[in-house]
Amino acid sequence: RLFSWGCNDDSALGRVGVENEPGEVVLPVPVNRIAAGDSHSVAYNPELNKVFIWGSYRNKDGKFGETKQLPFELDSKKWKGRVTKVLSGANHTMLLASKKVYLWGNSEFGQIGK
């Protein structure tokens with residue numbers, strides 16, 4: 001089970017309810033790894049090859065992309081092989097699968113190699 005608490009201005013908690021009290025983030029499968037940025041969070045299960053993400057990314061102009069208030073599953077067709085690691089920076093995410101790195105989010109300072 002996964003619990004979150006703190007500021008939820010950008011939906012980083014992945015749930016609704018009281019922000020400063022622990023509340024459960026409801027996921028359809030068990031997860032055993034998490035990564036969190038400033039305004040987004042990721043939970044995943046390498047054995048099941050399932051990755052869930054919620055929240056938002058920011059750049060100098062504010063939020064960009066679509067904010068997800070509740071967890072949604074990333075399509076595993078976006079990467080090849082089994083996910084072994086997910087890391088989050090302040091406003092970007094890195095996924096390692098089959099010795100390849102996949103990156104998305106804010107790239108104002110080259111964080112995702114673009």
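Me: What makes the link from the side chain of Asn8 to the backbone nitrogen of Ala12 a polar contact?

Reply: The side chain of Asn8 gets to within 3.2 Å of that nitrogen. A polar contact is a pair of N or O atoms within 3.5 Å (within protein, one must be able to donate a hydrogen and the other to accept it, and residues adjacent in sequence count only if both atoms are side-chain atoms). At 3.2 Å, the Asn8 pair therefore qualifies. Keep in mind that this is a predicted model: local features need pLDDT of at least 70, side-chain atom pairs count only at pLDDT 80 or more, and totals for chains, interfaces and linings use all residues. Residues are numbered from 1 along each chain as its sequence is written, and side-chain values use heavy atoms, with hydrogens and water left out.

Me: How do you know whether Asn8 is buried or exposed?

Reply: Asn8 has a relative accessibility of 15%. Buried means under 20% relative accessible area, exposed over 50%, and partly exposed in between (1.4 Å probe, protein chains only), so Asn8 counts as buried. Asn8 is in the loop between β1 (2-4) and β2; strands here are DSSP runs of E, at least two residues, and helices are runs of H or I, at least four, numbered from the N terminus. Leaving out residues up to four places away in sequence, Asn8 touches Leu13, Gly14, Arg15 and Glu19, where contact means heavy atoms within 4.5 Å.

Me: What is notable about phi of Ser11?

Reply: Phi of Ser11 is near 70 degrees, a positive value in a residue other than glycine. Ser11 belongs to the loop between β1 and β2, and its relative accessible area of 11% makes Ser11 buried. Asn49 is another such case: its phi is about 55 degrees, although Asn49 is not a glycine. Asn49 lies in the loop between β4 and β5 and, at 16% relative accessibility, counts as buried.

Me: What does the side chain of Ser41 reach?

Reply: The backbone oxygen of Ala12, at 2.9 Å. Ser41 sits in strand β4 and is buried, with a relative accessible area of 13%. Apart from neighbours within four places in sequence, Ser41 is in contact with Ala12, Ala35, Ala36, Phe52, Ile53 and Trp54.

Me: Why is Ser56 called buried?

Reply: Its relative accessible area is 1%, and the cut-off for buried is under 20%, so Ser56 belongs there. Ser56 is part of strand β5, and a polar atom of its side chain lies 3.5 Å from the backbone oxygen of Asp10. With neighbours within four places set aside, the contacts of Ser56 are Asp10, Ser39, His40, Lys63 and Thr67.

Me: And what makes Ala90 partly exposed?

Reply: A relative accessible area of 35% puts Ala90 between the two cut-offs, so "partly exposed" is the label. Ala90 is in the loop between β7 and β8. Beyond residues up to four places away in sequence, Ala90 touches Gly37, Asp38, Ser39 and His40.

Me: Which residues make up the largest nonpolar core?

Reply: Twelve residues in all: Ala35, Val42, Tyr44, Val51, Ile53, Tyr57, Leu74, Trp79, Val83, Val86, Leu95 and Ala97. β4 (40-45), β5 (50-59), β7 (83-88) and β8 (92-97) each supply at least two of them, with β5 giving the most, three residues. Apart from this core lies another, of six residues, among them Leu2, Val25, Phe52 and Trp54. What makes either set a core is the definition: buried Ala, Val, Leu, Ile, Met, Phe, Trp, Tyr and Cys residues joined through side-chain atoms within 4.5 Å. In soluble globular proteins, nonpolar side chains tend to be buried together.

Me: Which residues does Trp79 touch?

Reply: Asn49, Val51, Leu74, Leu95, Ala97 and Tyr102, not counting residues up to four places away in sequence.

Me: How do you know that the charged end of Lys68 sits over the ring of Phe72?

Reply: The test asks for NZ of Lys or CZ of Arg within 6 Å of the ring centre and within 35 degrees of the ring normal. The charged end of Lys68 is 4.7 Å from the centre of the Phe72 ring and is listed as sitting over it.

Me: What is the mean pLDDT of the protein chain?

Reply: pLDDT is the predictor's confidence in each residue, from 0 to 100. The chain mean is 92, and 98% of its residues reach 70 or more. Confidence is lowest in strand β6 (residues 62-73), at a mean of 88, and highest in strand β2 (residues 23-25), at 97.
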